[in-house]
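Colleague: Please take one part of this model and go through it closely. A plain account with the terms explained would suit me.

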Amino acid sequence: MAPIDRHAADRAADHTTRHAAEPHGTEPHGTEPHGTEPHGAEPHTPEHRADRRTATLALAHALTAAERGLAVIPLSRTKLPALRSPHHDEARHHAVPGAHAVPGDHTAAGDHTAPGAPAAPGHPASPGHPASPGHRGMPRHRDAPHPPSPCRGECGRMGHGVYDASTDPHRIRELFAAAPWASGYGIACGLPPYHLIGIDLDTKSGVYAPAELRELALRHLFTIPETVVVATPSGGRHIWLAGPPDTVVPNSAGRLAPGIDIRGAGGYLVGPGSRTEHGVYSAVPGTAHLPPATCPPALLRLLTPSPRRRPRPAHAGAPADPQQGQGLVQFVLAAHEGQRNTRLFWAACRAYENGFGEALTAPLADAALRVGLTAREAASTIASAARLTGHA
């Protein structure tokens, strides 16, 4: 993949700005772009020029990303898709007046999963998400008929979140012309050629996700290869990895470890050069020229959900063996500083896989306290083992 060249994007933005007033590639004839200055406003104020430059820079960066095979969509300053669903009014038509509103599934600004787009085109959709982007929880009575099947771009109109994502320069210009207020762009994950996987490391709310990722790497014996890393305005990091074409990596928040969110099929990453309410996303120096590196197999196994394991059935009426799992407890008690979390996690995983994880939770936690872990650290590690073995 070619380098993420900010200077090239700036030059492209200057070129775009010089030609922005030309009718070619702008709104269709006879329409007025939504989001421009209101009637009577001064058309060339400093604020207007700054917003216009932000928009043209976002388009230039998006076009540069598309040249590398990355499908993009325009984003607003809130990091959500800039275009509202064309089916917004249709959903309201199916609403029952006076009914309670169903809460929308627009996630927090830090969650870069397209609202209503749980899976990328060609991938199976995952449950629990509304029909399409822009549906912010339309009022619907619980006994009212459901709206028609959601459209994922088949209608040909814009406003379908990641289903709008494209590498076609003409289409990208159309998307940005329809959203002149866009200040950034999103890169769709899960699509060829890279089948991009985003590892979103948070550093807010008392969580330091880079340390959690290092702990996972130690436990599961993998290393993060040199790859593109994007710095977020809040101090976090987005690590870009390439996945295999035959594996669907779902989006998740905190499932892998506290503060680590995953952007997979149906999700998107905020592209470097995007400007948001909190600042600018930028490639970490030394990584811009790298292609997305292949996701380590051990990490990929953690990112793909495994079927929930059933605990081994106990004989009816048979009391629990008090010695069951004692070897795992002793394994934790023998841990030295620097290996306590790793041993506890490994022992908890084996306990859950053998059907007595819940019964061994207290003895393992007690052993962890005796070797120097805090109660919170022990509980977090055991809970992580439960999640990753399908028991949470």
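**A helix pair and a ring pair**

Modeller: Helices α7 and α9 cross in a right-handed way (the near helix is turned clockwise from the far one by less than a right angle; anticlockwise would be left-handed). Helices here are DSSP runs of H or I with at least four residues, numbered from the N terminus. The model is predicted, with pLDDT of at least 70 required for local features and 80 or more for side-chain atom pairs, while totals for chains, interfaces and linings use all residues. Residues are numbered from 1 along each chain as its sequence is written, and side-chain values use heavy atoms, without hydrogens and water.

The axes of α7 (residues 326–333) and α9 (residues 357–370) come within 8 Å and cross at roughly 20 degrees; each axis is a line fitted to C-alpha atoms over the stretch in contact, and angles between N-to-C directions run from 0 to 180 degrees. The two helices are therefore roughly parallel (under 35 degrees). On the α7 side, L328, V329, V332 and L333 make the contact, and on the α9 side L360, P363, L364, A367, A368 and R370 (heavy atoms within 4.5 Å). Of these residues, 9 are nonpolar, none is polar and 1 is charged (Arg counts as charged, as do Asp, Glu and Lys).

Helix α7 also holds F331, whose aromatic partner is W346 in helix α8 (residues 340–353), 15 residues away. The whole structure has 1 aromatic pair (ring centres within 6.5 Å). The ring centres of F331 and W346 are 5.0 Å apart and the planes stand at 50 degrees, so the pair is tilted (neither under 30 degrees, stacked, nor over 60, edge-to-face). F331 is partly exposed at 28% relative accessibility, and W346 is partly exposed at 39% (buried is under 20%, exposed over 50%, with a 1.4 Å probe and protein chains only).

Terms used. Angles under 35 degrees count as roughly parallel, over 145 as roughly antiparallel, 65 to 115 as roughly perpendicular and the rest as oblique. Rings of Phe, Tyr and Trp (its six-membered ring) pair if their centres lie within 6.5 Å; planes under 30 degrees apart count as stacked, over 60 as edge-to-face and the rest as tilted.
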